[in-house]
Amino acid sequence: MSVPTVQEQQAVQRRTVLVLSAGQVLGGIAFGATVSLGALLAADISGDDALSGLATASVTLGAALCAIPLARYASRVGRRRALTLGNLFALIGIGIVILGAALRLFPLLLVGIILIGAGNAGNLQSRFAATDLARPKHRGRDLSIVVWATTIGGVSGPLLLGPGEIVGQAIGMPPQTGSYLFSLVAQTAAFLLYVIALRPDPLLLAQRVLASSSAHTQAAARQDHPGTARYAMFAIAGAHIVMVSVMAMTPIHLSHLAQATHSGHATSTEITTLVGITIAAHVAGMYALSPVFGILADRWGRLRVVLLGQVLLAASLTFAFFANDQAGGVMAALILLGLGWSASTVAGAALLTEATTPELRTRRQGRSDSLMSFCGAGGAVLAGVVMANFQYSGLAVVAAVVVIAIAVASPLGRLRMA
């Protein structure tokens, strides 16, 4: 099979970014709904607010468990099959979540959320798929465009809670699960999109291009910087644990805040609407400006944008500490939290890709996603304990320690090209 010309490769890259972006729109709906509803469902079915963090822990655990296997699978058979497998996990998970809520079985609910998290491992892999054929000077931009596309699905998921609840009640679904109907349709569409449109496979084509390139080009591409790669993985995981731990407890904190505002008489609709709007704003912060951070990472350098992310995270935690008794203050904290996460992960992912040889790239990308998700799962569980003992403001203080550590270790992230 002949190797395509540079112009043909660029055409395939543009098509790949478009397909991956559309898939992220669809896949983000289930993730957004799970982030918003998971904690509320877990608290309701278990009867214990302290266990609500297990929902977010489960979705991140599912992503952690599947990140490395999906990455290895992609390296053997291509991105297309790996992404469709992730979609299948999510589809099964959505069905199990609905069943678990209907039977009010807490363990079954968590199993379903874990499988949705496994599907999210595929969504995470999409951003790396956008770099397979990208030119080095556009890696940050192409990666961030795919991340940005998640904004539409991720914001739609929480905003569909109200309409989903109406639809769910009309057809007799368990309370707070109606929006998963929209997730089911979206995941099915994403599956079909990848099967039909993600051709040729970007990773397999990139491997062919590298194999046919000149010795000089191969030598330049194979410069490896393990120390920089390790720092990039640490920065990505650290930003994720900060984001997940605060986000996981926000629905419960807002529920308590709504009850206090309404003298203990806030309705389920009022609570879910407040949570949905706040999480939607947070998800918008996570993804809406990712192209800006991607372009800045290409122009300013990856490390500087990682540090910008820490500044934004610190600002978020300041709001969470001082203004957590106001819904507007919590929303500001969540928006800044999303922005800080976006800057850190977009620039960190570009730095990881740039610091790693093609042979090791998918393996390290899988490890990074796995580490990020395991840290997020642990952070979600610990967040429940911290909040139960030290409230929302105490959680902000603990999260700040991680932000400081990423900033202090930043000299390790300098990329020195030979």
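**Buried contacts, charge pairs and unusual backbone in a predicted model**

Thr84 sits at a relative accessible area of 10%, so it counts as buried, the cut-off being under 20%. The model here is a predicted one. Thr84 belongs to helix α3, which covers residues 79–103. Once neighbours within four places in sequence are set aside, Thr84 is in contact with Phe191, Tyr194 and Val195.

Another buried spot turns up at Gly168, where the relative accessible area is just 2%. Gly168 is part of helix α6, residues 161–170. With residues up to four places away in sequence left out, Gly168 touches Met173 and Gly178. There is also a C-alpha separation to report for this glycine: Gly168 and Leu181 are 13 residues apart along the chain, and their C-alpha atoms are 8.1 Å apart.

Next come the salt bridges, of which the count is 7. One of them pairs the side chains of Arg104 and Asp44, with an N to O distance of 3.2 Å. This pair links distant parts of the chain, since Arg104 is in the loop between α3 and α4 while Asp44 is in helix α1 (residues 6–46), and the two are 60 residues apart. Neither end is buried: Arg104 is partly exposed at 44% relative accessibility, and Asp44 is likewise partly exposed, at 42%.

A second bridge runs between Asp132 and Arg79, whose closest N and O atoms are 2.8 Å apart. Asp132 lies in the loop between α4 and α5 (139–159) and Arg79 lies in helix α3, so this bridge ties together parts that are 53 residues apart in sequence. Here both partners, Asp132 and Arg79, are buried. Helix α3 thus holds Arg79 as well as Thr84.

The bridge between Asp369 and Arg127 also has its closest N and O atoms 2.8 Å apart. With Asp369 in helix α15 and Arg127 in helix α4, the pair ties together parts that are 242 residues apart in sequence. Asp369 and Arg127 are both buried too. Beyond these pairs, Asp298, Arg302 and Glu354 are joined into one network by salt bridges that share partners.

Now for the surface. Arg72, Arg76, Arg363 and Arg367 gather there in a patch of positive charge. Two elements, α2 (53–77) and α15 (358–408), each give two or more residues to this patch. Among its members, Arg72 is found in helix α2, and with 46% relative accessibility this arginine counts as partly exposed. Helix α15 therefore shows up in two settings, giving residues to the positive patch and holding Asp369, the partner of Arg127.

The surface has a nonpolar patch as well, made by Leu99, Leu103 and Leu105 and covering about 270 Å². Leu105 comes from the loop between α3 and α4 (106–129). Its relative accessible area is 41%, so Leu105 is partly exposed, falling between the cut-offs of 20% and 50%.

That leaves the backbone. Most residues other than glycine have a negative phi, and most peptide bonds are trans. Against that background, Arg104 stands out with a positive phi of about 55°, although it is not a glycine. Arg104 is the loop residue between α3 and α4 that pairs with Asp44 in a salt bridge. Gln391 is not a glycine either, and has a positive phi of about 65°. Gln391 is found in helix α15. What about its burial: is Gln391 buried or exposed? With a relative accessible area of 58%, Gln391 is exposed, because the cut-off is over 50%.

Finally, the peptide bond joining Arg199 and Pro200 is cis, with omega about -5°. Pro200 is placed in the loop between α7 (180–197) and α8 (202–212).

Methods:
Residues are numbered from 1 along each chain as its sequence is written. This is a predicted model: local features need pLDDT of at least 70, side-chain atom pairs count only at pLDDT 80 or more; totals for chains, interfaces and linings use all residues. Side-chain values use heavy atoms; hydrogens and water are left out. Helices (H or I, at least four residues) and strands (E, at least two) are DSSP runs, numbered from the N terminus. Buried means under 20% relative accessible area, exposed over 50%, partly exposed in between (1.4 Å probe, protein chains only). Contact means heavy atoms within 4.5 Å. Patches are made of residues with over 30% relative accessible area and no salt bridge: like charges are joined within 9 Å, nonpolar side chains (Val, Leu, Ile, Met, Phe, Trp, Tyr) within 5 Å. Accessible areas come from the Shrake-Rupley method with a 1.4 Å probe; for residues, only the protein chains shown count as cover. A salt bridge is a side-chain nitrogen of Lys or Arg within 4 Å of a carboxyl oxygen of Asp or Glu. Lys and Arg count as positive and Asp and Glu as negative; His and the chain ends are not counted. The place of a charge is taken as NZ of Lys, CZ of Arg, CG of Asp or CD of Glu.
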